[in-house]
Amino acid sequence: MGERPMQKESWGRSSASSGVMATGRKLLWASYLCSIVLVLQYLAQPASADPVLATSLGFCKPVRIENNKTEQCCLPAPRRPPIRFRLPKVHRLRVRRPAHELAKDVEYVNKYNLAYTRMNALPDDDPRSFLRQWHTHCSFCKEAFLQRRLNRSATGYPLQVHYSWTFLPWHRMLIYFHEKILGSLIHDPDFTLPFWNWDNQLDETAGAIPQIFLPYNPPNPRINNTFLYKGKLRNPNHMPPKVLPLNFDLNLEKERSNWTREQIKNSNLGIVWNMVYNKVSAKEYMGGVYNTSSNFTEEANKSVGESGGAESLHNTAHEWVGMLNNSKYPDNQDMGVFTYAGRDPVFYSHHANVDRLWNVWKALPDKITEDGHRKRKDYDDYDFLETEFTFYDENKDMVIVKLKDTLDSRKLGYKYQDMSEADSLWINHKPTVSKPSYRATDLTYTPAVAEANNTIGSTPKSFELKRRAPTRADLQGTQVEHVGELSEGVVLEQVRVPELMYVRFDVFIDFPKATEETDEDKSDYVGTFTHLPSGVTAVKDVAPQLAQIEDDMYRTLNIRFSTSLALRRLGITDWDTDITVTVVPKFRPGYYDKTITFACLRQEFT
């Protein structure tokens with residue numbers, strides 16, 4: 001978006017030894033190289049980059065799943081010409097309510113189940129059918145279609161609605177039309193989906209898989225919710241009273257099984273605080289740019305993908321609900337993989353909460369930037385606002401929606417039940433204060449080399465990062481006018497992630513001793529990156545594929561971590577103090593010999 005990359009070594013400058021000066025010169029040279037690489041990448045982008053048309057019209061291919069199999073997720077062709085979306089006339093806002101509170105509402109549960117039963121009974125060629133509803137997510141999120149320009153000509157790149165600024169608005173409209181279809185099938189225009197309020201640490205039941213999606217025990221003869229649970233593939237080890245741990249790590253599940261409710265609560269509060277409150281810019285929270293020059297599946301990208309805090313936070317629930325490490329279901333069905341997530345009703349309830357948090361994020365105060373008065377807001381970029389999506393509505397019409405019409409849920413006719421009391425717990429959360437783990441200039445760590453295969457293996461690795469003060473040049477491409485409104489962060493540039501590999505790592509600043517067991521509820525923790533694979537959970541399941549892996553089976557992503565507030569809490573208040581960035585991989589068994597490569601580590605202001 002125009003920020004200029006800079007990079008520095010990780011120590012303060014209290015020592016003027018020749019070794020430190022030599023290291024500094026090397027790091028400055030690496031900084032210049034990194035900057036040159038970024039400029040060349042920018043210049044290489046086509047001048048004709050335009051907003052994207054995300055549509056199921058035209059070319060469609062089966063999506064790849066485990067063991068070289070495919071799933072046919074293509075959608076039926078529209079029977080009538082597509083129509084333009086018009087904002088509804090809103091006389092009264094429909095209210096989405098939390099799923100854990102609705103479990104005792106007999107009328108609602110029965111109505112909710114009836115709507116899905118009727119949706120499931122529709123013929124397969126009906127775009128409103130449950131089959132086609134989950135196929136919508138499968139196809140748009142697994143690159144079944146080609147990206148198109150607004151004139152409908154194909155760019156030749158696969159269409160992908162994750163890893164960018166399209167993630168939040170596309171999923172908002174997916175569940176908007178899903179909700180409208182369900183309501184029409186039971187003749188209730190006021191029907192709303194429930195939201196799984198997993199960030200709620202005030203109510204001890206809110207973070208569990210909601211009862212509404214499970215058999216009642218003891219059975220309640222007045223309630224019929226059979227469709228909401230029967231045949232759905234969910235991890236039996238993660239049933240209530242267990243609650244979603246947002247720091248979930250399969251490798252540590254046994255070790256953390258004895259965590260108290262208070263430990264889980266504090267960890268969850270810290271992670272939501274970090275991934276929502278701590279993200280002040282649209283780029284940090286919503287994700288990176290996506291236009292007709294974007295191609296996330298090739299090594300020689302015109303541009304690369306970048307998930308925002310919202311998407312990164314939401315991944316854990318997908319993983320935790322899916323059938324992890326079950327040899328009968330190697331694709332981690334249903335929730336644990338893009339291909340099948342939409343065939344579990346929990347998916348739509350989960351994304352309703354993601355959607356709710358988007359609203360909450362925009363209303364949060366700024367206690368992050370130096371000025372402290374920055375307003376959080378959506379992108380206002382032309383390519384963002386004019387991007388178009390197509391969905392099928394309750395009348396079986398294909399509807400073309402401009403992204404600019406998706407940004408205000410009230411204009412779409414709905415709002416969320418007020419959860420401000422529960423939200424205030426993570427909004428006001430204070431991570432455990434950490435003391436700097438070092439300040440000795442005789443300790444050195446390897447700087448990331450620009451335009452190189454810097455590697456992250458299965459063990460923690462620390463890199464030096466040289467910092468500098470922001471300048472007016474850093475304002476270019478941002479949404480602010482004053483340097484004091486900028487948010488500081490670190491970016492792992494062009495991280496090359498195998499599509500079939502589960503990847504997770506935590507990132508800490510100024511804590512090179514961090515390990516897999518390090519608590520995330522600390523001032524030096526700045527975030528987690530999670531990549532959900534095509535569902536494959538163990539190397540043995542995909543050994544034939546990994547042995548002959550091709551370039552198009554990789555994703556190339558930028559991964560951003562916000563550091564402004566963490567630095568202040570660590571007592572780093574000047575721009576002349578350099579830091580270490582420590583990456584703590586959490587690979588699954590069978591992947592320990594694998595490495596992830598990235599091109600550059602840099603400081604960036606947004």
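What follows is a set of questions and replies on how features of this predicted model get their labels.

Me: What makes C60 and C74 a disulfide?
Reply: Their sulfur atoms are 2.0 Å apart. The cut-off is a pair of cysteine sulfurs within 2.5 Å, so the pair counts as a disulfide. C60 sits in the loop between β1 (53-54) and β2 (63-64), and C74 in the loop between β3 (70-71) and β4 (83-84), 14 residues apart.

Me: Why is the disulfide of C60 and C74 called left-handed?
Reply: The torsion about its S-S bond is about -100°, so the link is left-handed.

Me: Why is C60 called partly exposed, and why is C74 called buried?
Reply: Buried means under 20% relative accessible area, and exposed means over 50%. C60 has 24%, so it counts as partly exposed. C74 has 16%, so it counts as buried.

Me: What makes C73 and C138 a disulfide, and which parts of the chain do they link?
Reply: The S to S distance is 1.9 Å, and the limit is 2.5 Å, so this pair also qualifies. C73 belongs to the loop between β3 and β4, whereas C138 belongs to helix α4 (residues 130-141); the two cysteines are 65 residues apart. Both C73 and C138 are buried.

Me: What is the handedness of the link between C73 and C138?
Reply: With 80° about the S-S bond, the link is right-handed. The count by the distance rule is 2 disulfides.

Me: How do you know that C141 is not bonded to C138?
Reply: The closest cysteine sulfur to that of C141 is the one in C138, at 8.5 Å, which is too far for a bond because the limit is 2.5 Å. C141 has a relative accessible area of 0%, so it is buried.

Me: How do you know that helix α5 has the span expected of it?
Reply: Helix α5 (residues 167-185) has 19 residues, and its first and last C-alpha atoms are 27 Å apart. At 1.5 Å a residue the expected span is 27 Å, and the helix comes close to it.

Me: Why is α5 called mostly covered?
Reply: Of its 19 residues, 17 are buried, and buried means under 20% relative accessible area. Just after α5, H187 takes a positive phi of about 60°.

Me: What makes R152 and Q494 worth listing for their phi values?
Reply: R152 has a positive phi of about 80° although it is not a glycine. Q494 is likewise a residue other than glycine, with a positive phi near 55°. R152 lies in the loop between β6 (146-148) and β7 (154-158), and Q494 lies in strand β13 (residues 488-498).

Me: Why are R152 and Q494 called partly exposed?
Reply: The class runs between the 20% and 50% limits. R152 has a relative accessible area of 43%, so it belongs there. Q494 has 22%, so it belongs there too.

Me: Which peptide bonds are listed as cis between α5 and α6?
Reply: The bond from N217 to P218 is cis, with omega near 5°. The bond joining P240 and P241 is cis as well, with omega of about 15°. P218 lies in the loop between α5 and α6 (261-277), and P241 lies in the loop between α5 and α6.

Me: What makes β14 and β17 a strand pair?
Reply: At least two bridges are needed for a pair. Strand β14 (residues 503-509) and strand β17 (residues 579-585) have 5 bridges in the antiparallel sense, so they pass. I509 has V581 in β17 as its bridge partner.

Me: Why are β12 and β15 called edge strands?
Reply: The open antiparallel sheet has 4 strands, in the order β12-β17-β14-β15. β12 (461-465) and β15 (525-531) each have a single partner strand, so one side of each is left without a neighbour in the sheet. On average, neighbouring strands of this sheet are turned by 20° against each other, direction ignored.

Me: How many cavities are counted, and what lines the largest cavity?
Reply: There are 9 cavities of 30 Å³ or more. The largest cavity holds about 120 Å³ of space. Its lining has 15 residues, and S307, G308, S312, I559 and R560 lie nearest its centre. The elements giving two or more residues to this lining are α8 (309-321), β15 and β16 (554-562).

How values were computed:
Residues are numbered from 1 along each chain as its sequence is written. This is a predicted model: local features need pLDDT of at least 70, side-chain atom pairs count only at pLDDT 80 or more; totals for chains, interfaces and linings use all residues. Side-chain values use heavy atoms; hydrogens and water are left out. The expected span of a helix is 1.5 Å times one less than its number of residues. Buried means under 20% relative accessible area, exposed over 50%, partly exposed in between (1.4 Å probe, protein chains only). Axes are lines fitted to C-alpha atoms, for helices over the stretch in contact, and angles run from 0 to 180 degrees between N-to-C directions. On a 1 Å grid over the protein atoms alone, a cavity is a set of points where a 1.4 Å probe fits but cannot get out, and a pocket is an open set with protein on both sides within 12 Å along at least five of seven lines; lining residues have an atom within 4 Å of a point. Grid points are joined across faces, edges and corners, and a volume is the space filled by probe spheres set on the points.
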